[in-house]
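Hi,

Here is the structure I promised to pass on. Have a look at it first, and my notes follow below.

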Amino acid sequence: MNEIGFPFAAEAPDLDLSVAVVGCGSIGQRHIQHLLRLGPRIVGVDLLDVRLPYSVPHFRTLHEAGKVDAVLVCTPASERIGIICQAMAMGAHLFIEKPLATTYEEAEEIAELVAHYPDRIVMMGYNLRFDPDLQNFVAHLPALGRPMYAQIRCSSFLPDWRPGRAYSQTVSARAALGGGILREANHELDLINWLFAPRSVAIAAFVGKTSDLDVDIEDLVSATLVTDTDLIIELHLDFCTPGYQRFIRVVGTKDEATWNLLPNSPMYQREMEYFLDCILAGKKPAAGITEGLWTMRLDWAIRSAGRVFAASREAT
């Protein structure tokens with residue numbers, strides 16, 4: 001065992017829970033930061049000699065970390081199924097970062113595994129559901145009348161995501177690790193489910209690499225979805241546009257409304273509070289394996305509808 005990190009966070013209340021964060025990259029460290037404010041005992045698990053920002057015990061494997069009450073699975077999507085198997089076998093509750101897996105088939109395998117442990121709390125990491133402004137937006141949707149048209153956009157620039165790191169070596173840039181904008185923006189697929197709960201969707205889509213970024217996976221998705229209620233959804237996802245835009249616009253038969261993600265949202269803190277509360281109260285999370293599997297099904301459908309290729313600028 002190593003001690004990595006050092007100055008501890010502000011004094012937190014003692015909480016009779018132990019949590020292992022498996023995968024201590026950027027999202028794992030973000031969750032550790034918020035968990036420290038909430039008071040459970042925390043260990044970090046990562047094969048690499050990561051330097052955590054606080055004094056948290058570090059182990060290389062979940063087995064070395066020993067028995068814990070809950071496991072946060074924050075590894076690349078390509079590595080998740082093995083960690084989930086271990087966590088289930090050791091009796092832990094689960095928080096799984098999105099996406100659930102790299103393929104729909106693997107997601108189904110995970111869902112079948114989890115189904116053998118109905119007493120466990122299993123929550124997907126759809127943090128946008130905990131943004132207060134988005135929650136107010138969702139509560140206001142009935143006042144718009146029947147939704148007729150929606151725009152959902154998540155647009156940013158991958159080299160800006162993790163300052164100080166070579167973007168081309170990150171999970172997001174590599175197909176083998178489960179990268180690409182469609183999996184990175186899996187949140188937006190969850191929003192379609194949460195806001196509109198469609199029974200079926202017809203899709204036309206482009207899924208491909210359009211920029212000069214050093215990635216081997218899609219950097220742009222443009223799709224039109226038509227639901228069983230005749231709602232038309234324009235979905236745009238990319239990580240090749242300088243700047244940042246993340247919004248939803250819904251036009252109904254009575255009115256329209258728009259939500260924009262604002263800086264410094266408390267959504268990650270609220271997400272961790274909710275997960276721990278689900279464990280302590282023994283309640284089923286609003287977004288669990290069923291919701292994670294739904295987004296992977298939609299991911300598969302968009303890829304199947306779109307033409308997936310790497311753009312070439314070479315003369316032929």
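Before anything else: this is a predicted model. I'll start with the helices, then go on to the salt bridges, and finish with some backbone oddities.

If you go to α9, you'll find I289, E291, G292, L293, T295, M296, L298, D299, I302 and R303 as its buried residues. The helix covers residues 289–305, and its length makes sense: at 1.5 Å a residue, its 17 residues should span 24 Å, and the end C-alpha atoms are indeed 24 Å apart. Two of those buried residues pair up, as the side chains of R303 and D299 form a salt bridge with an N to O distance of 2.7 Å. R303 and D299 sit four residues apart in α9, so about one helical turn separates them. Both R303 and D299 are buried. While we're on salt bridges, ones with shared partners link R174, D214 and D216 into one network.

Next, have a look at α7 (residues 186–196). With 10 of its 11 residues buried, this helix is largely enclosed by the rest of the structure. The buried ones are N186, H187, E188, L189, D190, L191, I192, N193, L195 and F196. D190 is worth a click, since it makes a salt bridge to R129, with 2.8 Å between the closest N and O atoms. D190 belongs to α7, while R129 is in the loop between β7 (122–125) and α5 (132–140), so the pair ties together parts that are 61 residues apart in sequence. D190 is buried, and R129 is too.

How many salt bridges does a search of the whole structure find? The count comes to 12. Another of them joins the side chains of D277 and K283, at 2.7 Å from N to O. Here the partners are partly exposed: D277 has a relative accessibility of 34%, and K283 has 33%.

On the surface, E105, E108, E109 and E112 gather into a patch of negative charge. E108 is part of helix α4, residues 104–114. Its relative accessible area is 33%, so E108 counts as partly exposed.

Now for the backbone. Which peptide bond is cis, with omega near -10°? That would be the one from K98 to P99. You'll find P99 in the loop between β6 (93–97) and α4.

Two residues have a positive phi without being glycines. A197 is one of them, with a phi of about 45°, and N264 is another, at about 65°. A197 follows α7 and is placed in the loop between α7 and β9 (201–209). N264 is in the loop between β13 (256–260) and α8 (267–281). Is N264 buried or exposed? Its relative accessibility is 79%, so N264 counts as exposed.

One last spot to check is G179, in the loop between β8 (147–157) and α6 (181–184). Its relative accessibility is 0%, so G179 counts as buried. The C-alpha atom of G179 is 8.5 Å from that of E218, although the two residues are 39 apart along the chain.

That's what I have so far. Over to you!

Cheers

Technical notes: Residues are numbered from 1 along each chain as its sequence is written. This is a predicted model: local features need pLDDT of at least 70, side-chain atom pairs count only at pLDDT 80 or more; totals for chains, interfaces and linings use all residues. Side-chain values use heavy atoms; hydrogens and water are left out. Patches are made of residues with over 30% relative accessible area and no salt bridge: like charges are joined within 9 Å, nonpolar side chains (Val, Leu, Ile, Met, Phe, Trp, Tyr) within 5 Å. Accessible areas come from the Shrake-Rupley method with a 1.4 Å probe; for residues, only the protein chains shown count as cover. A salt bridge is a side-chain nitrogen of Lys or Arg within 4 Å of a carboxyl oxygen of Asp or Glu. Lys and Arg count as positive and Asp and Glu as negative; His and the chain ends are not counted. The place of a charge is taken as NZ of Lys, CZ of Arg, CG of Asp or CD of Glu. Buried means under 20% relative accessible area, exposed over 50%, partly exposed in between (1.4 Å probe, protein chains only). The expected span of a helix is 1.5 Å times one less than its number of residues.
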